[in-house]
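Please walk through this model with me, one region at a time. Keep the sequence and the 3D view side by side.

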Amino acid sequence: MKKNQQLLTFARQAMQNAYAPYSKLKVGAAILTPSGNIYTGCNVENISYPCGNCAETGAISTMVTAGEYKISKIAIISNGNFEIKPCGACLQRIKEFSNQKTEIITLTPDDIIKIHKISELLPTPFEEL
Ligand code: THU
């Protein structure tokens, strides 16, 4: 459980640098890989709204750039007063680097840590036959 708290702390740190002048929703994500490394990301918005990126997308890009391709855990946090879970597109991105054990860590407004599985949040991912 301490690991989950630590990962949320990394996500919160990344969130501080989020660029979200349009939605005002700052989001941070932190990925733990099997090697023990941590990769973070934040959302980066754009005046042309669809050009913006989610925090999870940034964290995954950083992980892949470092040559790692497996997500043990991913923690997501925002400055909103609700439990933020990855959007549909980010669930598909997380799924790409996940297995059945991968944990998606979130925080409720009451500071309760929640652990989700990708199969719960994305029961019917796109997969080639
Ligand atoms: N956002 C994320 O960074 N991750 C999510 O999983 C959901 C949404 C960002 C995108 C946008 O910058 C802001 O939150 C509001 O939608």
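Start in strand 5, at Ile115. Is Ile115 buried, partly exposed or exposed? Ile115 has a relative accessible area of 40%, so it counts as partly exposed. Keep in mind that this is a predicted model. Each value here is computed from its atoms.

Ile115 has a partner far away in sequence. Asn4 is 111 residues from Ile115 along the chain, yet their C-alpha atoms are 8.9 Å apart in space. Follow that link to Asn4. This residue belongs to helix 1, which runs over residues 2-16. Asn4 has a relative accessible area of 3%, and the cut-off for buried is under 20%, so Asn4 is buried. What does the side chain of Asn4 contact? It makes a polar contact with the side chain of Lys73, at 2.8 Å.

Now return to strand 5 for His116. With 7% relative accessibility, His116 falls under the 20% limit and therefore counts as buried. Compare that with Ile115 in the strand, which is partly exposed at 40%. How far is His116 from Leu25? The two residues are 91 positions apart in sequence, and 22 Å separates their C-alpha atoms.

Leu25 leads to the ligand. Which residues surround the ligand? Leu25 is one of them, together with Ser23 and Val27. Asn43 and Glu45 also belong to the shell, as do Cys54, Ala55 and Glu56. Lys85, Pro86 and Cys87 complete the list. By type, the shell divides into six nonpolar, two polar and three charged residues.

Where does the ligand sit? It occupies the largest pocket. Look next at the oxygen atoms of the ligand. One oxygen atom is 2.9 Å from an N or O atom in the side chain of Asn43. Glu45 places a polar side-chain atom 2.6 Å from an oxygen atom of the ligand. For Glu56, an N or O atom of the side chain is 2.6 Å from a ligand oxygen atom. How much of the ligand does the protein cover? On its own, the ligand has 380 Å² of accessible area, and the protein covers 77% of that.

Turn now to the backbone. Most residues other than glycine have a negative phi. Lys24 has a positive value, with phi near 70 degrees. Where is Lys24? It lies in the loop between helix 1 and strand 1, the latter spanning 27-32. Its relative accessible area is 59%, and the threshold for exposed is over 50%, so Lys24 is exposed.

Asp111 also has a positive phi, near 65 degrees. This residue sits in the loop that joins strand 4 (103-107) and strand 5 (113-117). At 56% relative accessibility, Asp111 is over the 50% cut-off and so counts as exposed.

Two stops remain. The next is Thr62, in helix 2 (residues 55-65). Its relative accessibility is 36%, so Thr62 counts as partly exposed. Which distance separates Thr62 and Ile31 in space? Their C-alpha atoms are 9.5 Å apart, with their positions 31 residues apart in sequence.

The last stop is Ser72. It is found in the loop between helix 2 and strand 3, and that strand covers 73-78. Ser72 has 24% relative accessibility, which lies between the 20% and 50% limits, so this residue counts as partly exposed. Ser72 and Leu91 are 19 residues apart along the chain, and their C-alpha atoms are separated by 14 Å.

Terms used:
Residues are numbered from 1 along each chain as its sequence is written. This is a predicted model: local features need pLDDT of at least 70, side-chain atom pairs count only at pLDDT 80 or more; totals for chains, interfaces and linings use all residues. Side-chain values use heavy atoms; hydrogens and water are left out. A residue is near a molecule or strand if one of its heavy atoms lies within 4 Å of it. A polar contact is a pair of N or O atoms within 3.5 Å; within protein, one must be able to donate a hydrogen and the other to accept it, and residues adjacent in sequence count only if both atoms are side-chain atoms. Accessible areas come from the Shrake-Rupley method with a 1.4 Å probe; for residues, only the protein chains shown count as cover. On a 1 Å grid over the protein atoms alone, a cavity is a set of points where a 1.4 Å probe fits but cannot get out, and a pocket is an open set with protein on both sides within 12 Å along at least five of seven lines; lining residues have an atom within 4 Å of a point. A molecule sits in a cavity or pocket if more than half of its atoms lie within 2 Å of its grid points. Ala, Val, Leu, Ile, Met, Phe, Trp, Tyr, Cys and Pro count as nonpolar, Asp, Glu, Lys and Arg as charged, and the others, Gly among them, as polar. Helices (H or I, at least four residues) and strands (E, at least two) are DSSP runs, numbered from the N terminus. Buried means under 20% relative accessible area, exposed over 50%, partly exposed in between (1.4 Å probe, protein chains only).
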